[in-house]
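Student: Could you take me closely through one part of this model, the lining of its largest pocket, and then connect that part to what surrounds it? I would like one continuous account rather than a list.

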Amino acid sequence: MPELPEVETVRRGLQRLLPNRVVKTVESDTPKSFPNSEADVSQFLIGAHVTQVRRRAKVLLIDLSTEYTLVIHLKMTGQMVFVGTERFGAGHPNESLISSLPNKSTRVMLTFTDDSKLFFNDFRKFGWMRLLPTIQVPELDFFKKVGPEPLSVEFTDKVFAERLKRRARTNIKAALLDQTVLAGVGNIYADESLWGAKIHPATKVGDLKPAQLKQLYKELQYVLLLAIEKGGSTDKNYVDAEGKKGSYMSFARVFRREGLPCPRHTEVLVEKSRVAGRGTHTCPVCQVIAI
DNA sequence: CACTTGACCTGTCCGC
DNA sequence: TGCGGACAGGTCAAGT
């Protein structure tokens, strides 16, 4: 579930909270979540301080003073939650999560020298965290193949159209979800941007007109920027670096709104189907397959 | 190579 | 009420 806006929201929180904190201890409940050897951990993580927190695609990168980096993928249900030494009072919106930590979803717990903590929680165990030399991060297979950042200045509508060409025979939703075409889009923002551009998700990429691609490019940027502004989308599980939920879902036009009115045609209800193997939300009036 | 499908997990919800 | 099965959706491996 964490897509670009959610991971970016977490990154901004961690960038505000982590730099200069020194790692004291690390505990992990399963090697699947954090496979590094104890030798690497004690040499390159314990005693290191955080220098900065970056993001590429849906991956978080916590850089350390040892020139190692914690590379983190939250996949669907991962959370990175920082808990400082000041405690909230009862009734604080984050208190129930914060006070439960570590809980049964906690996979990795970092404790800093000031006794603040960083929790990596992930109940489905799809996510992972690993320690790598910073210089080796770009050499990971994923980073060698991943496409451009959709909010970067280099990513123009021309670049978007060009990169979609090699996926001409598949449907546009599968192409948007393909991280080698562009980085960071997942199921939520694929559906939201396609509704915005009035394109049916099952439309073949090769059948889309240049004007439609240009509109999709604009809608994609609009929903990603709006979602970052709203702190991401919390459907069930997602929270930011302080345990807070995101509010984009209350702005969503079609995602998880099956059976509710389309914002453009209040007499028509949003439908749910399956495209590219994913639950897909569309308006049957505005989104018609181009021929 | 382009493209699709299933596996990885576990919690929740729906129908019987 | 209990229980089985479908579903959630990011990425990779294996399939066509």
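Tutor: By class, the residues that line the largest pocket divide into nine nonpolar, nine polar and ten charged. The model is a predicted one, and in it this pocket encloses about 770 Å³ of space. Its lining is made up of 28 residues, and those that lie nearest the centre are Met 1, Lys 75, Met 76, Asn 187 and Arg 278. Three elements, namely α7 (187-196), β9 (271-275) and β10 (278-282), each contribute at least two residues to this lining, and the largest share, three residues, is supplied by β10.

The second largest pocket, by comparison, holds about 240 Å³ of space. It is lined by 19 residues, with Gln 79, Leu 97, Lys 236, Asn 237 and Val 239 the closest to its centre, and the elements that give two or more residues to that lining are α3 (95-100) and β7 (117-122). Sorted by class, the lining of this second pocket has five nonpolar, ten polar and four charged residues.

Strand β7, which helps to line the second largest pocket, leads on to a sheet, for it belongs to an open, antiparallel arrangement of four strands in the order β1-β6-β7-β5. The edges of this sheet are taken by β1 (23-28) and β5 (78-83), and because each has a single partner strand, one side of each is left without a neighbour in the sheet. Ignoring direction, neighbouring strands here are turned by 15 degrees against each other on average. The pairing of β5 with β7 is antiparallel and runs over six bridges, and within it Val 83 stands opposite Lys 117 of β7.

Two backbone details belong to loops that adjoin these elements. The peptide bond from Leu 101 to Pro 102 is cis, with omega near -5 degrees, and Pro 102 is placed in the loop between α3 and β6 (106-112). Lys 125, in the loop between β7 and β8, has a phi near 60 degrees, which is a positive value in a residue other than glycine.

Strand β8, at the far end of that last loop, is part of another open sheet, in which four strands follow the order β2-β3-β4-β8 with antiparallel pairing. Here β2 (50-56) and β8 (128-133) stand at the edges, and since each has a single partner strand, one side of each lacks a neighbour in the sheet. From one strand to the next, the twist averages 20 degrees. Within the sheet, β3 (residues 59-64) and β4 (residues 68-73) run antiparallel and are joined by five bridges, with Leu 60 standing opposite Ile 72 in β4. Helix α1 (residues 4-17) packs on this sheet, where it touches β2 and β3, and its direction makes about 170 degrees with that of β2.

A side-chain contact also connects this helix with the sheet. Side chains of opposite charge can pair when their charged atoms come close. Glu 8 and Arg 55 meet in a salt bridge, at 2.8 Å from N to O, and the pair links distant parts of the chain, with Glu 8 in helix α1 and Arg 55 in strand β2, 47 residues apart. The structure as a whole holds 19 salt bridges.

Note on methods
Residues are numbered from 1 along each chain as its sequence is written. Chains are lettered from A and ligands numbered from 1 in the order in which they are written. This is a predicted model: local features need pLDDT of at least 70, side-chain atom pairs count only at pLDDT 80 or more; totals for chains, interfaces and linings use all residues. Side-chain values use heavy atoms; hydrogens and water are left out. On a 1 Å grid over the protein atoms alone, a cavity is a set of points where a 1.4 Å probe fits but cannot get out, and a pocket is an open set with protein on both sides within 12 Å along at least five of seven lines; lining residues have an atom within 4 Å of a point. Grid points are joined across faces, edges and corners, and a volume is the space filled by probe spheres set on the points. Ala, Val, Leu, Ile, Met, Phe, Trp, Tyr, Cys and Pro count as nonpolar, Asp, Glu, Lys and Arg as charged, and the others, Gly among them, as polar. Two strands pair if DSSP finds at least two bridges between them. Axes are lines fitted to C-alpha atoms, for helices over the stretch in contact, and angles run from 0 to 180 degrees between N-to-C directions. Contact means heavy atoms within 4.5 Å. A salt bridge is a side-chain nitrogen of Lys or Arg within 4 Å of a carboxyl oxygen of Asp or Glu.
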